[in-house]
Amino acid sequence: MSLFNRDLLGVNGQAQDYATPESTSRTTRHTLDVISPVDIHDGSYVSILDMVTPSVQLNIHWNMIGNTTPYPITVLEAFAASGIPPEAVQIIKNSTGQFWHGGTNVDMLGSLQPGQGYLIYLYESGHTWKLDPTVLGTLTETYLDDVEDMSYDLNIHWNMIVSTSPTPITVLEALAASGIPREAVQLIKNSTGQFWHGGTNTDMLGLLQPGQGYLIYLYESGHAWSKGPNPSIDSLLDV
């Protein structure tokens with residue numbers, strides 16, 4: 001059952017309120033408008049949708065990003081949502097070597113998977129990676145529930161993941177949210193070489209940034225990367 005029992009976009013793309021039936025699992029005293037800014041009690045206003053839609057400023061050359069939406073999307077859909085011209089990108093590849101290459105129109109990826117990270121090489125700076133579901137056309141009444149339920153199955157040894165938490169979190173917080181014991185992880189590192197190393201308690205990362213991709217090395221299989229901790233939307237709205 002959806003936490004947000006309503007048509008989020010309403011008619012002609014406009015948010016509308018509907019009567020919300022009683023829920024046995026959750027208090028639903030408010031119908032939630034996910035598009036309009038709300039007071040998050042620190043003097044700033046942001047929409048609920050923006051809370052769960054990370055934005056990453058990209059550098060020229062190599063970056064690590066990922067699919068922060070709960071649905072598979074194509075590379076070209078991701079470019080369109082982010083406003084990145086395909087000719088600005090040389091390559092996008094995953095941890096197993098599959099890639100999309102703009103110059104040759106080779107697409108071994110097919111689609112970008114939810115929660116998975118990717119390396120992306122840009123010819124220029126000044127671009128932002130932001131997978132807005134209102135642009136992708138994937139904003140449905142179950143979208144926020146699907147975001148909360150996101151997980152990505154990890155292989156033994158190297159994987160690429162993306163931080164889908166809406167706020168910066170520590171490595172230990174992210175591992176706890178995914179139920180991954182720290183001793184199962186050797187290394188997590190970003191595209192600039194900064195890393196967290198469990199065996200030596202070295203932490204050059206400090207915080208995992210929303211929407212940022214990371215390489216992670218596991219000693220064992222059987223784990224999944226899940227969405228990080230998120231402040232309750234109910235508490236933000238005083239529900």
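Ser-178 is buried, with a relative accessible area of 13%, where buried means under 20%, exposed means over 50% and partly exposed lies in between (1.4 Å probe, protein chains only). The residue belongs to helix 5, residues 171-178, helices being DSSP runs of H or I with at least four residues and strands runs of E with at least two, both numbered from the N terminus. Once neighbours within four places in sequence are set aside, Ser-178 is in contact (heavy atoms within 4.5 Å) with Ala-224, Trp-225 and Ser-226.

The model is predicted, and local features therefore need pLDDT of at least 70, while side-chain atom pairs count only at pLDDT 80 or more and totals for chains, interfaces and linings use all residues. Residues are numbered from 1 along each chain as its sequence is written, and side-chain values use heavy atoms, with hydrogens and water left out.

**Overall composition**

The protein chain has 239 residues, of which 45% count as buried, and its secondary structure comes to six helices and 16 strands. Among contacts with a separation of 6 or more, 74% are made by residues 24 or more positions apart. The chain exposes about 11,400 Å², with carbon and sulfur atoms supplying 50% of that area, as computed by the Shrake-Rupley method with a 1.4 Å probe, in which only the protein chains shown count as cover for residues.

**The five-stranded sheet**

Five strands form an open, antiparallel sheet in the order 4-8-5-6-7, two strands being taken as paired if DSSP finds at least two bridges between them. Strand 4 (61-66) and strand 7 (106-107) stand at the edges with a single partner strand each, so one side of each is left without a neighbour in the sheet.

Strand 8, residues 117-122, is joined to strand 4 by six bridges in an antiparallel arrangement. Within this pairing Gly-66 has Gly-117 as its bridge partner, and His-61 stands opposite Leu-122. Strand 8 also pairs with strand 5, through four bridges and again antiparallel, and here Ile-92 is placed opposite Ile-120. Six of the six residues of strand 8 are buried. In a regular strand the side chains alternate between the two faces of the sheet. Both faces of strand 8 are covered, with Gly-117, Leu-119 and Tyr-121 buried on one side and Tyr-118, Ile-120 and Leu-122 buried on the other.

**Nonpolar cores**

The largest nonpolar core has 21 residues, and those with the most contacts inside it are Phe-79, Val-89, Ile-92, Leu-112, Ile-120 and Trp-129; such a core is a set of buried Ala, Val, Leu, Ile, Met, Phe, Trp, Tyr and Cys residues joined through side-chain atoms within 4.5 Å. Strand 3 (56-58), helix 2 (75-82), strand 5 (89-93) and strand 8 each give two or more residues to this core, and helix 2 contributes the largest share, four residues. Trp-129, leaving out residues up to four places away in sequence, touches a set that includes Pro-54, Val-56, Leu-58, Ile-65, Ala-78, Phe-79, Leu-112 and Ile-120. A second, separate core of 18 residues includes Val-171, Ile-188, Ile-216 and Trp-225; Trp-225 is also one of the contacts of Ser-178.

**The largest pocket**

The largest pocket has a volume of about 160 Å³. On a 1 Å grid over the protein atoms alone, a pocket is an open set of points where a 1.4 Å probe fits, with protein on both sides within 12 Å along at least five of seven lines, and lining residues have an atom within 4 Å of a point. Grid points are joined across faces, edges and corners, and the volume is the space filled by probe spheres set on the points. The lining comprises 14 residues, of which Asn-59, Asn-190, Ser-191, Thr-192 and Gln-212 lie nearest the pocket centre, while strand 3 and strand 4 each supply at least two residues. Thr-192 sits in the loop between strand 12 (185-189) and strand 13 (195-197). Its C-alpha atom is separated by 8.4 Å from that of Trp-62, although the two residues are 130 residues apart along the chain.

**Selected residues**

His-61 has a positive phi of about 75° although it is not a glycine, and His-157, likewise not a glycine, also has a positive phi of about 75°. The table sets these two histidines beside Ser-178 and Thr-192.

| Residue | Location | Relative accessible area |
|---|---|---|
| Ser-178 | helix 5 (171-178) | 13%, buried |
| His-61 | strand 4 | 38%, partly exposed |
| His-157 | strand 11 (157-162) | 38%, partly exposed |
| Thr-192 | loop between strand 12 and strand 13 | 59%, exposed |
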